[in-house]
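User: I am new to this structure and would like a guided look at it. Please begin with whatever terms I need in order to follow along.

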Amino acid sequence: MDASQGDAPAAPRPSPDLSRLPRVDLLLQREDALAAIDAYGRGPVTDALRRVLDDVRDELRAGAPLPAPGDIVARVAADLRHARAGRLTRVLNATGVVLHTNLGRAPLSAAAREAAVDAAGYTTLEYDLAEGSRGSRTAHVGALAAELCGTEAATVVNNGAAALVLVLAALSTGREALVSRGELIEIGGSYRLPDVMAVSGAVMREVGTTNRTRAGDYRAALGDATGLVLKVHRSNFEVVGFVEEASATELAAVAGEAGVPFVYDLGSGLVRTAADGPFAREPSVDAAVAAGADLVILSGDKLLGGPQAGIVAGRADLVRRCTAHPLARAFRIDKLQRAALEATIEAHLRADVPTELPTWAMLTAEPAQLRARAEQVAALVGPAATVEPTRSLVGGGSLPGVELDSWAVVLTRDDVDGLAADLRAGDPPVIARVEDGRVLLDLRTVPPADDDLLVDLVRACLVDG
Ligand SMILES: *Cc1c(COP(=O)(O)O)cnc(C)c1O
């Protein structure tokens, strides 16, 4: 084993096939290799070919037969296909979680998709057509958002998290932002309110307790150092039992007394108060503005049903301070987001419950319709499928604990995890829910137009399995 001493060990006798392996440059001239080069580029194909040839040499030494050149190129193409499988891929969401953050939250409406496609080339992103000169990236979409929210002004940034950082930085750097200990939330990933406040430069001043915070707690903390009063929607959990929180109306009064802004981070972006139903307890933009919030913050891709975006709406002077802050440039939206957001807001302006937005079509789908679709899908899939009632979730940090009655297609196979994996390997992949040793396909989150596709994809798995 020690190469430093004496004669090198006798090299194993080379396989006679090794010398018959085709050369890289000749393989690259083949028709099938040229097709791979068209798809992936010469560099990646050449690198993959070298790797495959290394493997083939090892296999030949181990006694495997010489592969045909076509087989070698086919392995190269398969390797590259596999390596590219991580690219963004359309999926069928059969989880029943409407705003599934891992699956891209809100699916866009047809109008929003068209607007984004139109905006993909040159656009008037920062161009004033009438003047033929530089225009504002956010003026029009901000005005639409203000109209939607019923506020003097609004602006738009990359997402809700950025919107909150921007507001804190623009209005409360070096000054205290008063926030309830019951609202020091974690949204997910590394988004934790105390950390967000720290990076914004605002000084976090906690008031009240985890379960009870009253208006008087905020009032007692007011002082020369106060920058603003902040209320944050507990969008992904509930506190029950001995609890109390200050209302938006009370906080608007407290902030007004001290002459500081009252900022309400609503997160989920329910535009209009729902009189009843699953959204009745969700804080809404119209109620927050009516209660006297000076600024509200909401996400574009939660209940608004649009692209990722963060909206800051409220008093014109405060919005102006936000747009003038250097972070506004760092957090700006791009043209595709802006186009899709404008189309999404226009849908909300056309209808109180804009079912042209897939999010709202899914949230308001009647269980009876879902049952009929589930029965149809199950009948087409065959005897391996049954239907049963289930519960869908709103998800995406909205309506904690709120479930919607739904219907699922239930699939049984000996190994359910294998079945779920087979569904994920489809084209497009189907993301299902595994529950109690069965695979559930909740039709609430599958667009009705995709039911036939779902049938085909499921049947393929059951046949293969
Ligand atoms: C979701 C949420 C955010 C973050 O918004 P993103 O658009 O996901 O960045 C901030 N605050 C609250 C209360 C939220 O629910």
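Analyst: Let's begin with residue classes: Ala, Val, Leu, Ile, Met, Phe, Trp, Tyr, Cys and Pro count as nonpolar, Asp, Glu, Lys and Arg as charged, and the others, Gly among them, as polar. The model is predicted, with local features needing pLDDT of at least 70 and side-chain atom pairs pLDDT 80 or more, while totals for chains, interfaces and linings use all residues. Residues are numbered from 1 along each chain as its sequence is written, and side-chain values use heavy atoms, with hydrogens and water left out.

User: How many nonpolar, polar and charged residues are in the shell around the ligand?

Analyst: A residue belongs here if one of its heavy atoms lies within 4 Å of the ligand. The ligand is surrounded by 14 residues, and the closest are Gly160, Ser235, Asp265, Ser299 and Lys302. Sorted by class, the shell comes to four nonpolar, seven polar and three charged.

User: How far is an N or O atom in the side chain of lysine 302 from an oxygen atom of the ligand?

Analyst: Polar contacts are pairs of N or O atoms within 3.5 Å; within protein, one must be able to donate a hydrogen and the other to accept it, and residues adjacent in sequence count only if both atoms are side-chain atoms. Arginine 105 has a side-chain N or O atom 2.8 Å from a ligand oxygen, and a polar side-chain atom of aspartate 265 is 2.7 Å from a ligand nitrogen. For lysine 302, the distance to a ligand oxygen is 2.7 Å.

User: What share of the area that the ligand exposes when taken alone does the protein bury?

Analyst: Accessible areas come from the Shrake-Rupley method with a 1.4 Å probe; for residues, only the protein chains shown count as cover. Taken alone, the ligand exposes 380 Å², and the part of this buried by the protein is 94%.

User: Which elements give two or more residues to the shell around the ligand?

Analyst: Elements are DSSP runs numbered from the N terminus: helices are H or I with at least four residues, strands E with at least two. By that rule, the elements giving two or more residues to the ligand's shell are α7 (160-172) and β11 (262-267).

User: Which helix gives the most to the largest nonpolar core?

Analyst: A nonpolar core is a set of buried Ala, Val, Leu, Ile, Met, Phe, Trp, Tyr and Cys residues joined through side-chain atoms within 4.5 Å. The largest one has 38 residues, and Tyr218, Val229, Phe262, Tyr264 and Val296 have the most contacts inside it. With six residues, the top contributor is helix α6 (residues 139-149).

User: How many residues are in the second, separate core?

Analyst: Its members include Leu166, Ala170, Leu193 and Val263. The count for this separate core is 31 residues.

User: Is arginine 373 buried or exposed?

Analyst: Arginine 373 sits in helix α16 (residues 367-381). Its side chain makes a polar contact of 2.9 Å with that of aspartate 451. Under 20% relative accessible area is buried, over 50% exposed and in between partly exposed (1.4 Å probe, protein chains only). Arginine 373 has 16%, so it is buried.

User: Which residues does histidine 100 contact, leaving aside its neighbours within four places in sequence?

Analyst: Contact means heavy atoms within 4.5 Å. Histidine 100 lies in the loop between β2 and α5 and is buried at 17% relative accessible area. Beyond its sequence neighbours, histidine 100 is in contact with Asn93, Thr95 and Arg105.

User: What is the phi of arginine 105, a residue that is not a glycine?

Analyst: Arginine 105 is in the loop between β2 (97-99) and α5 (110-118). Its phi is positive, at about 50°.

User: Is aspartate 436 buried or exposed?

Analyst: Aspartate 436 is in the loop between β17 (433-435) and β18 (438-442). Its phi is also positive, near 50°. Because its relative accessibility is 66%, aspartate 436 counts as exposed.

User: Where is proline 428?

Analyst: The peptide bond from aspartate 427 to proline 428 is cis, with omega near 0°. As for its place, proline 428 is in the loop between α17 (416-424) and β16 (430-431).
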